[in-house]
Structure formats: structure tokens, C-alpha cells
Amino acid sequence: MANRKSIFFILFLISFAGLANAQDILPFREIPPAAKVYTSGTLMGRMSDGLGFRFYWATQGLTEENLEFGAGEESRTIGETIDHIYTLVLMFTNAVMEQPTTFPIENNELSFEEKRAKVLSFIQTSSALLKMSNDEDFERYNLVSQSVNGSGQKMPFWNGLNGPLEDALWHIGQVVTLRRMAGNPINPKVDFMNGVVNN
């Protein structure tokens, strides 16, 4: 547990340091090397890495004009979809950090670049913690949501998988589709199978 807390503290500091200059090199431009063994923790960590890689490239190079684009009057814009992804990733990461998520989530004061950097930092944190996790740890990774007045709910980690994690992947795909419709498709050199960018 001490080692786990130390790594969490280091990642916590990195996440805030990264916000000082959101244009710095961000994680998940490529997928980190795979673990040498298959465990519940390394499998979940790898899924988080895939999420980070897809979010990185789905949002790389978006313009302010792109962020305002939507498929219709009643659909979310790209910017609104990214805000929703922010919430979903925060919920999942908080579960892994054994912390509640308090609603409403306020991020309106953040720029797009800052939101993007924070989402990638959240995913990096959850990935690192998951890769160190054993089967028993997952019993503690409850999805806890609460409002400012104290009401809320608690669900097991299973719900974090079919809920916010899969939902985030779903919406990242929407961002990819919307930006293509807006005339700014993702980099065609991105190799999602191998987690790299081809020359």
C-alpha cells in the first residue's frame, strides 16, 4: 500500500504540473509497452492505455471552430462531447483511486487544452494504479457518485467497466466521426492496432 500511495502522489503532482503548460508533451501519443505477464491489473491497465491513445488522437489538432461543430441542433457539439468524456474518465479514475466523484463537475474555467491534458493525466493515473492491482484490490474500486448535498450511490467496479469506461470509448468514436464531418479528420498515419504513428 505504501508503494501504491507513493506512485499516486507522484502522478498527482505530474497531473498538476502538466496543467502549467498544456502544450507540453502529453501522454499516450503512443501506447506504452505491454506488460510481460497477464493479470487482471495489467489487462485493465492496457485497456486504459488504449483509451488514452484513442482520446489523444481523437482530440489532437482540433480547432476552436471544430469544438463548436455538431451533427444537429439537438446533438452535442465536439466540445460538449469532450466535456462529457472528461466526466466519465474522472468517474472511472476516482473509482480506481478509491475516491467519490462529486457532482456537478465544474470545468468551465478550463481551456480545451487544459481539459485535454487533464483527461490524459486521469487516464495515465488510472492505468498506473491498475497495473499494480491484484484481484482483491478491485473489490475496493467502487464507483461512488455524490452530490454536494451528500446524496449519492455506490456501485461495484463492474459498473465502472460497462458504465463510464465503455461510455468514454463510445463518445471518443463520436468525436472522430464529428471531426471528419467538420472537415478535420484524425491523422491517417495513426496505427491503432500497434499503438503507434507511422512515418
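Start by selecting H2 (40-59) and H6 (157-181): the crossing of these two helices is left-handed, meaning that the near helix is turned anticlockwise from the far one by less than a right angle, whereas clockwise would make it right-handed. The model on your screen is predicted, and local features need pLDDT of at least 70, side-chain atom pairs count only at pLDDT 80 or more, and totals for chains, interfaces and linings use all residues. Residues are numbered from 1 along each chain as its sequence is written, and side-chain values use heavy atoms, with hydrogens and water left out.

**Stop 1: H2 and H6**

Look along the pair. H2 and H6 pack at an angle of about 25°, with their axes 9 Å apart; axes here are lines fitted to C-alpha atoms, for helices over the stretch in contact, and angles run from 0 to 180 degrees between N-to-C directions. H2 and H6 are therefore roughly parallel to each other, a label for angles under 35 degrees (over 145 is roughly antiparallel, 65 to 115 roughly perpendicular, and the rest oblique).

Now show side chains. On the H2 side, the meeting residues include Met-44, Met-47, Leu-51 and Trp-57; on the H6 side, they include Phe-157, Leu-161, Leu-165 and Ala-168. Contact means heavy atoms within 4.5 Å. The residues of this contact divide into 14 nonpolar, one polar and three charged. In this sorting, Ala, Val, Leu, Ile, Met, Phe, Trp, Tyr, Cys and Pro count as nonpolar, Asp, Glu, Lys and Arg as charged, and the others, Gly among them, as polar.

Stay on H6 and select Leu-161, which has its place in that helix. Leu-161 is buried, with a relative accessible area of 19%; buried means under 20%, exposed over 50%, and partly exposed in between (1.4 Å probe, protein chains only). Leaving aside residues up to four places away in sequence, Leu-161 touches Met-44, Phe-92 and Glu-166. Add Leu-143 too: the C-alpha atoms of Leu-161 and Leu-143 are separated by 9.8 Å, with their positions 18 residues apart along the chain.

**Stop 2: H4 and H5**

Next, select H4 (residues 78-96) and H5 (residues 112-131), which pack at an angle of about 25° with their axes 9 Å apart. That makes H4 roughly parallel to H5. The crossing of H4 and H5 is left-handed. Among the residues that make this contact are Ile-82, Tyr-86, Val-89 and Phe-92 of H4, and Val-119, Phe-122, Ser-126 and Leu-130 of H5. By class, the contact has 12 nonpolar, three polar and three charged residues.

Which residues does Val-89 touch, not counting residues up to four places away in sequence? Colour Leu-51, Val-119, Phe-122, Ile-123 and Ala-168 to see them.

Then move to Ser-126, whose place is in helix H5. Ser-126 is buried, with a relative accessible area of 2%. With residues up to four places away in sequence not counted, Ser-126 touches Ser-48, Phe-92, Thr-93 and Val-96.

**Stop 3: the core**

In soluble globular proteins, nonpolar side chains tend to be buried together. Here, select Met-44, Ile-82, Val-89, Phe-92, Leu-130 and Phe-157: of the 44 residues in the largest nonpolar core, these touch the most other members. A nonpolar core is a set of buried Ala, Val, Leu, Ile, Met, Phe, Trp, Tyr and Cys residues joined through side-chain atoms within 4.5 Å. The elements giving two or more residues to this core are H2, H4, H5 and H6. H4 gives the most, with nine residues.

**Stop 4: backbone details in the loops**

Most residues other than glycine have a negative phi, and most peptide bonds are trans. Select Phe-28, in the loop between helix H1 (2-19) and H2; Phe-28 has a positive phi of about 80° although it is not a glycine. At 6% relative accessibility, Phe-28 counts as buried.

Glu-98 lies in the loop between H4 and S1, and has a positive phi of about 60° although it is not a glycine. At 38% relative accessibility, Glu-98 counts as partly exposed.

Now find Pro-104, in the loop between strand S1 (101-103) and H5. The peptide bond from Phe-103 to Pro-104 is cis, with omega near 0°.

**Last stop: the whole chain**

Zoom out to see six helices and five strands; these are DSSP runs (helices H or I, at least four residues; strands E, at least two), numbered from the N terminus. Buried residues make up 44% of the 199 residues in the chain.
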